[in-house]
Amino acid sequence: MFGKVLVANRGEIAVRVMAACEELGIETVAVYSDADRNGGHVEYADEAYNVGPPPASESYLDQAEIVDVAQRADADAIHPGYGFLAENAAFAARVEAADGITWVGPPSDAMETLGEKTKARTVMQEAGVPVVPGTTDPVDDPEEVRQLGEEYGYPIAIKAEGGGGGRGMKIVRSEAEVEDALESAKREGEAYFDNDSVYVEKYLEAPKHIEVQVLADEHGNVRHLGERDCSLQRRQQKVIEEAPSPALDAELREEIGEAARQGVREAGYTNAGTVEFLVEDGEFYFMEVNTRIQVEHTVTEEVTGIDIVRWQLRVAADEELDFAQDDVEIEGHAVEYRINAENPAEDFAPTPGPLETYEPPSSIGVRLDHAVAQGDEIGGDYDSMIAKLIVTGEDRDHCLDRSKRALDHFTVEGVHTTIPFHLLMLDDERFVGGDHTTKYLDEELDDEA
Ligand SMILES: Nc1ncc2cc(-c3cccc4ccccc34)c(N3CC[C@@H](N)C3)nc2n1
Ligand SMILES: [Ca+2]
């Protein structure tokens, strides 16, 4: 096992990874920008190194600086967390090439392959995983797109190869829109991802967003840890995630889990990852793979009892998964509420400021992943997440009931937060009924606007 690990991140995920390191007897190294000098993750670490000024590009994204600190600190491995360099295959390759430093994540070539949307679709198709009907090669001729529109039937989606998250998707509802949509999708791809390649898929109008957590070691063992339902999103930003999904029955759960396993095995993937699917009318379709630990990994940990971050470190240190697929059991229900310094009344606009009051709840079934304390200044340099409130219960109703009390007793003053929004959702019949789709929130909030 590693003696010392550098966590190339900040905030709650940096603390989460360091906690897993401590449990394994591993010393921890933090990196911080000038803005995070007093950050929670800096206090938590055994050692801390400044890596530059606040802009991420000059600190948390400075690959050479981070590898240099790892060497100076004599770290045996680097864990990237999520965001920043977590899905940067070039950085992974750089760490793999650095003597004496192990990358805690998938092999850089698997990241490369699965990070390219069309390559990922090809790998999944070869593994027999259903993918959204679409092209596996880029398209750039309007006539070709029009033919695909006839073949799939409108609406279709034109997606940027380098896209992901909320950006890089144009919905085309008729032949007349093809030319302009293709143009702007290519332009946006070039602007945001430095890659103007685009491909076409049949657009599913109102799918559920279901993602499967996978864990694979370097000895050929591949496990799935069940699914998460991330269908409650605002402009493709996740707000609430839960496990298991209220939308899947046991048969579909099994099918999706096995498909994710097969796809990841085929791709030569190791460590933790997430296979994302769209589910509509009882059918599931591969969408993309996230080659990192995700914000919402917590709900899977709560319902399986498996510490995913701990396994990331153990797998990177060449240990074997010591459980079979049949040992993975989903027990109870967990929901994660992202407590962001944002104003739901201003369409979730970030609201930096002083954390004048910060009194989180604590009771049975309440987990808090955070790195802030009362009196901290919530800055605007990075993402707006203050904490993740993860609530568990015997079943979904029990979990939602407990959630209300936990959120009611979560007092934050000095900044706006998403707490009032979460309380609103807990009274929303669509959400409580569990049949909301990825479009629900946009339709609800845009209609009101
Ligand atoms: N063919 C096809 N049909 C429907 C889709 C619907 C979405 C989508 C649109 C809006 C919100 C979403 C939330 C979770 C998952 C997907 C979405 C979607 N996304 C959103 C961002 C990127 N991850 C892919 N791709 C789709 N692709
Ligand atoms: Ca190395």
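1. Helices here are DSSP runs of H or I with at least four residues, strands are E runs of at least two, and both are numbered from the N terminus. With that in hand, P244 sits in the loop between β11 and α9 (250-266). Keep in mind throughout that this is a predicted model.

2. Staying with P244, take a look at the bond leading into it: the peptide link from A243 to P244 is cis, and its omega is near -10°. There is also a cis peptide bond between Y154 and P155, where omega is about 0°. P155 belongs to the loop that runs between α7 (142-152) and β6 (156-164). If you set up a topology from this model, these are the two bonds I'd have you look at on screen.

3. Next, E242, which is part of strand β11 (residues 237-243). Is E242 buried or exposed? Its relative accessible area is 1%, and anything under 20% counts as buried, so E242 is buried. Its side chain has a polar contact of 2.6 Å with the side chain of R396. Setting aside neighbours within four places in sequence, the contacts of E242 include E227, R228, D229, H333, H436 and F431. V299, A334, V335 and R396 are also in contact with E242.

4. R396 turns up again at G434, a glycine in the loop between α14 (429-433) and α15 (440-448). Not counting residues up to four places away in sequence, G434 touches R396, K208 and P246. With a relative accessibility of 4%, which falls under the 20% cut-off, G434 counts as buried. How far apart are the C-alpha atoms of G434 and D229? They are separated by 9.6 Å, although the two residues are 205 residues apart along the chain. D229 was also on the contact list of E242.

5. V299, another contact of E242, is one of the buried residues of α10. Helix α10 spans residues 297-304, and seven of its eight residues are buried, so the rest of the structure largely encloses it. The buried ones are H297, T298, V299, T300, E301, V303 and T304. Right after α10 comes G305, with a positive phi near 75°.

6. On to a helix pair. Helix α3 (residues 63-72) packs with helix α4 (residues 89-97) at an angle of about 30°, and their axes are 11 Å apart. Angles under 35 degrees count as roughly parallel, and α3 and α4 are therefore roughly parallel to each other. The crossing of α3 past α4 is right-handed. From α3, Q63, A64, I66 and V67 take part, meeting A90, F91, R94 and V95 of α4. Sorted by class, that contact has six nonpolar residues, one polar and one charged.

7. Last, a couple of backbone oddities for your Ramachandran check. D74 is not a glycine, yet its phi is positive, about 60°. This residue is in the loop between α3 and β4 (77-79). D74 has a relative accessible area of 58%, and the cut-off for exposed is over 50%, so D74 is exposed. Which other residue shows a positive phi without being a glycine? D347 does, with phi near 55°. The loop between β15 (342-343) and β16 (349-350) holds D347. Its relative accessibility is 31%, so D347 counts as partly exposed.

Technical notes. Residues numbered from 1 in each chain as written. Chains lettered and ligands numbered in written order. Predicted model: local features only at pLDDT ≥ 70, side-chain atom pairs only at ≥ 80, totals over all residues. Heavy atoms only, no water. Axes fitted to C-alpha atoms, helices over the stretch in contact; angles between N-to-C directions. Parallel < 35°, antiparallel > 145°, perpendicular 65-115°, else oblique. Left-handed = near helix turned anticlockwise from the far one by under 90°. Contact = heavy atoms within 4.5 Å. Nonpolar A, V, L, I, M, F, W, Y, C, P; charged D, E, K, R; others polar. Buried < 20%, exposed > 50% of the residue type's maximum accessible area, 1.4 Å probe, protein only. Polar contact = N/O pair within 3.5 Å; in protein donor to acceptor, adjacent residues only side chain to side chain.
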